[in-house]
Amino acid sequence: KKSEEEKCTITDPRYFLIMLLAWSLILFILRLIVSICFPQALMSNIFHFCLICIPMSLGISAFYLTTNSILTKIVPPADTGAMLGMNMSVHSLIRSVSPTIGGFLYQLYGYPSFGYLQFAINLLVFFYVFRKIYN
């Protein structure tokens with residue numbers, strides 16, 4: 001448990017960063033659902049996939065940099081290295097596992113499966129973050 005001085009209250013500057021991170025996640029997820037997931041579910045060939053990958057890559061890169069910055073500011077200075085290490089380990093794990101999952105989805109269900117899976121995951125994350133904000 002955190003001691004009284006380590007708790008994040010509304011007067012703490014970290015509280016604002018936590019709320020900023022939560023709302024930016026919500027807005028980012030909504031943008032992904034509307035601008036990438038639906039076109040990705042409707043694509044019919046590899047050319048459409050290449051067109052969708054351009055904004056998806058730019059958005060994910062910007063989101064990754066933003067969350068790294070916010071995460072390092074939220075934790076105490078002594079824990080910054082641990083936070084960056086955990087963040088990079090999750091990022092590396094996802095980059096290791098995703099080609100296998102992508103190949104499996106492509107072989108069994110085709111191109112649209114990427115959009116449907118991304119829509120479902122983004123919707124689950126959206127509701128999780130939304131629930132965390134209001135609880």
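Axes here are lines fitted to C-alpha atoms, for helices over the stretch in contact, and angles run from 0 to 180 degrees between N-to-C directions. This is a predicted model, in which local features need pLDDT of at least 70 and side-chain atom pairs count only at pLDDT 80 or more, while totals for chains, interfaces and linings use all residues. Residues are numbered from 1 along each chain as its sequence is written, and side-chain values use heavy atoms, with hydrogens and water left out.

**Figure 1. Overview of the protein chain.** The chain has four helices and zero strands, in the order α-α-α-α from the N terminus. Helices (H or I, at least four residues) and strands (E, at least two) are DSSP runs, numbered from the N terminus. Of the 135 residues, 29% are buried; buried means under 20% relative accessible area, exposed over 50%, and partly exposed in between, with a 1.4 Å probe and protein chains only. Contact means heavy atoms within 4.5 Å. Among contacts with a separation of 6 or more, 68% join residues 24 or more positions apart.

**Figure 2. Packing of helix H2 on helix H3.** Helix H2 (residues 46-74) and helix H3 (residues 80-109) pack at about 150 degrees, with axes 9 Å apart. H2 is therefore roughly antiparallel to H3; angles under 35 degrees count as roughly parallel, over 145 as roughly antiparallel, 65 to 115 as roughly perpendicular and the rest as oblique. The crossing of H2 past H3 is right-handed, the term for a near helix turned clockwise from the far one by less than a right angle; anticlockwise is left-handed. H2 contributes Tyr64, Asn68, Leu71 and Thr72 to the contact, and H3 contributes Thr80, Met83, Leu84, Asn87, Met88 and His91. By class, the contact residues are five nonpolar, five polar and no charged. Here Ala, Val, Leu, Ile, Met, Phe, Trp, Tyr, Cys and Pro count as nonpolar, Asp, Glu, Lys and Arg as charged, and the others, Gly among them, as polar.

**Figure 3. The largest nonpolar core.** A nonpolar core is a set of buried Ala, Val, Leu, Ile, Met, Phe, Trp, Tyr and Cys residues joined through side-chain atoms within 4.5 Å. The largest one holds 12 residues: Leu17, Leu21, Ala22, Leu25, Ile26, Ile70, Leu71, Ile74, Val75, Met83, Phe126 and Val129. Helix H1 (13-42), H2 and helix H4 (112-133) each supply at least two of these residues, and H1 gives the most, with five. Beyond its neighbours within four places in sequence, Leu17 touches Ile70, Lys73 and Ile74. A separate core of nine residues includes Phe28, Ile52, Met56 and Tyr111.

**Figure 4. Surroundings of Gln40 and Phe49.** Gln40 lies in H1 and is buried, with a relative accessible area of 3%. Leaving aside neighbours within four places in sequence, Gln40 contacts Phe49, Ile52, Met56, Tyr111, Pro112, Phe114, Gly115 and Gln118. Phe49, in H2, counts as partly exposed at 21% relative accessibility. With the same neighbours left aside, that is, those within four places in sequence, Phe49 contacts Gln40, Met43 and Phe114. The C-alpha atoms of Phe49 and Tyr111 are separated by 7.9 Å, although these residues are 62 apart along the chain.

**Figure 5. Surroundings of Ser113.** Ser113 is found in H4 and counts as buried at 10% relative accessibility. Outside its neighbours within four places in sequence, Ser113 is in contact with Leu105 and Tyr106.
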